[in-house]
Amino acid sequence: MESIVTTHTLRLIHQGVFNRFTDLQLSQVYINLLRPRSLKTDHQLLQFWYKGDFSAAQITFQLISATNKILASYNQPIIEGYIQIV
C-alpha cells in the first residue's frame, strides 16, 4: 500500500513542482519513491517538498493546502510564502 506521502509526491511531480530540480535531485526523488515504504522514506520525500517550486502559476491553492496538511500531520513545518492572493 502506498503512503499518502508517496501519492502526494507523485501528484507534485505531475503538477511540475520539481521542474527546476537538477537531474540528480529528481533521480533521488524517484529512488525514494521506489524504496519500500517506511517512515524514514516518507521523511526523506518530505524534505524534497521544501525544495520544490510552489510559486509557478499553475500551482493551485488546493495543492499547497493539501501539501501543508500532510506536512502538519507529520509534525513538519508548513510551506509558507508561496501563496499570493490576487
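Select Asn32 and show its neighbours: beyond four places in sequence, Asn32 touches Thr41, Gln44, Leu45 and Phe48 (contact means heavy atoms within 4.5 Å). You're in a predicted model, where local features need pLDDT of at least 70, side-chain atom pairs count only at pLDDT 80 or more, and totals for chains, interfaces and linings use all residues. Numbering runs from 1 along each chain as its sequence is written, and side-chain values use heavy atoms, with hydrogens and water left out.

Stay on Asn32 for a moment. Asn32 is buried, at 6% relative accessible area (buried is under 20%, exposed over 50%, partly exposed in between, with a 1.4 Å probe and protein chains only). Now add Gln28: its backbone oxygen sits 2.9 Å from a polar atom of the Asn32 side chain.

Next, select residues 23–34, which make up helix 2 (helices are DSSP runs of H or I, at least four residues, numbered from the N terminus). Colour Val29, Asn32 and Leu33, which are buried. Look down the axis: the buried residues fall within an arc of 105 degrees, so they line one face of the helix (the arc is that of the directions from the helix axis to the C-beta atoms). Flip to the face turned away and you'll meet the exposed Asp23, Leu24 and Leu34. Then bring up helix 1 (4–15) and helix 3 (39–51), which are among what covers the buried residues of helix 2.

Last stop: residues 82–86, where pLDDT stays under 50 (pLDDT is the predictor's confidence in each residue, from 0 to 100). Where pLDDT is low, don't read the predicted coordinates in detail. The chain's mean pLDDT is 90.

Note on methods: Helix = DSSP H or I, 4+ residues; strand = E, 2+ residues; numbered from the N terminus. Polar contact = N/O pair within 3.5 Å; in protein donor to acceptor, adjacent residues only side chain to side chain.
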